[in-house]
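Trainee: I should like to request a close look at a single part of this structure, namely one helix pair and the way its two members meet. Please set it in the context of the whole chain.

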Amino acid sequence: MLGAIADPTYPAFPILAIFGAVVVLIPLPWHCQAWNAGTCLFMIWTSIACLNLAINSIVWSDNALNPAPVWCDISSRIVVAIGVALPAASLCIQRRLYNIATIKSVSVTRAERRRGVMVDLAIGLGIPLLQILFQYIVSGHRFDIYEGIGCSPYTYNTPLAYPFSLLWPLAIALVSACYCVLTFAAFLRRRAQFNAYLTSNSSLTANRYFRLMAIASVEIVCTVPISAYGLYLNLTSAPMNPWISWDDTHFNYSKVDQYPAVLWRMDRNAVISFELSRWLAPFCALVFFAFFGFAQEARSNYRKAFLWLRNLAPFRKIFPERPPKGAVPIEKAAK
């Protein structure tokens, strides 16, 4: 009863988040085989985000207590990392699509592929890790706990917070948007070379190319307004504090602010900000699975998995092997 008051979407939100955390990883094996580092990072980060949000939603569904401070330390840092990890993974995808659209040679060497993967890892892993370090500089205290939401990082609203933390998601998303426009323009100009590349590359089809572009574009369309709205709230709803010193910003750093739902849900801006931010990861997970979980390569892999499962001893009687169409059983042929 209390959980329903604290979070009107409970238990729908944690159920969908856990479902999203699982299904978004289903296409991971064949994207790894295709060296799609950006896509793999997108799946892994989205799954981590969904799982983190689901755990918080369940544990703090009806309270704002602090029973697991170590978990909140980890969880709040995950939230910080995810804020830039999804835009960074989307940037990796857009960057790869742009490189394909502007490719000068039909064949790509293994060394070039490896170099591309390393750059994607530097963007998709390096930027989130840097964000965790930089956000700590402007983190006013350990973390906050919101009933119905769970653990949340706290960023001291000071001018340094914007270049060190708050501007990053929007900036990365805007760079991705530029890549998206340039990719589309390059595709229209160099369609013949693009088709030649796809013909020579068995791991990437035109269908998969445009689905990758679509999922990356969806993430941009979601991230830009949410990040812009968050910046607007920080600039207009909260007082801007001057940066005095490290000691001043981190004074009484071990403090944990706890907010019952009845209090923080009275603030309409807080409700909109929290709900938009936390629903983004499950939404991206479900959209990603809709794009890639029912595609031809997915159905082919599902069939391979089913055939492998059927050949295991415990399942042979449950899923007996069917004879090919038109084949006559041996017993009937003998008669």
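Mentor: The account below begins with the chain as a whole, turns to the helix pair, and ends with a single loop residue. The model is a predicted one. Its chain has 335 residues, of which 45% are buried, and the secondary structure comprises 15 helices and 3 strands. Among contacts in the chain with a separation of 6 or more, 84% join residues 24 or more positions apart.

The pair in question consists of helix α2, residues 12-23, and helix α13, residues 268-292. Their axes lie 9 Å apart and the helices pack at an angle of about 45°. An angle of this kind is neither roughly parallel, which would require under 35 degrees, nor roughly perpendicular, which begins at 65; α2 and α13 are therefore oblique to each other. The crossing of α2 past α13 is left-handed. On the α2 side, the contact is formed by F13, L16, A17, F19, G20 and V23; α13 contributes R278, W279, P282, A285, L286 and F289. Sorted by class, the contact of α2 with α13 contains 10 nonpolar residues, 1 polar residue and 1 charged residue.

A loop elsewhere in the chain offers a detail at the level of one side chain. S61 lies between α4 (37-59) and α5 (69-101). With a relative accessibility of 7%, S61 falls under the 20% cut-off and so counts as buried. The side chain of S61 also reaches the backbone oxygen of I58, at 3.3 Å.

How values were computed: Residues are numbered from 1 along each chain as its sequence is written. This is a predicted model: local features need pLDDT of at least 70, side-chain atom pairs count only at pLDDT 80 or more; totals for chains, interfaces and linings use all residues. Side-chain values use heavy atoms; hydrogens and water are left out. Helices (H or I, at least four residues) and strands (E, at least two) are DSSP runs, numbered from the N terminus. Buried means under 20% relative accessible area, exposed over 50%, partly exposed in between (1.4 Å probe, protein chains only). A polar contact is a pair of N or O atoms within 3.5 Å; within protein, one must be able to donate a hydrogen and the other to accept it, and residues adjacent in sequence count only if both atoms are side-chain atoms. Axes are lines fitted to C-alpha atoms, for helices over the stretch in contact, and angles run from 0 to 180 degrees between N-to-C directions. Angles under 35 degrees count as roughly parallel, over 145 as roughly antiparallel, 65 to 115 as roughly perpendicular and the rest as oblique. A crossing is left-handed if the near helix is turned anticlockwise from the far one by less than a right angle, and right-handed if clockwise. Contact means heavy atoms within 4.5 Å. Ala, Val, Leu, Ile, Met, Phe, Trp, Tyr, Cys and Pro count as nonpolar, Asp, Glu, Lys and Arg as charged, and the others, Gly among them, as polar.
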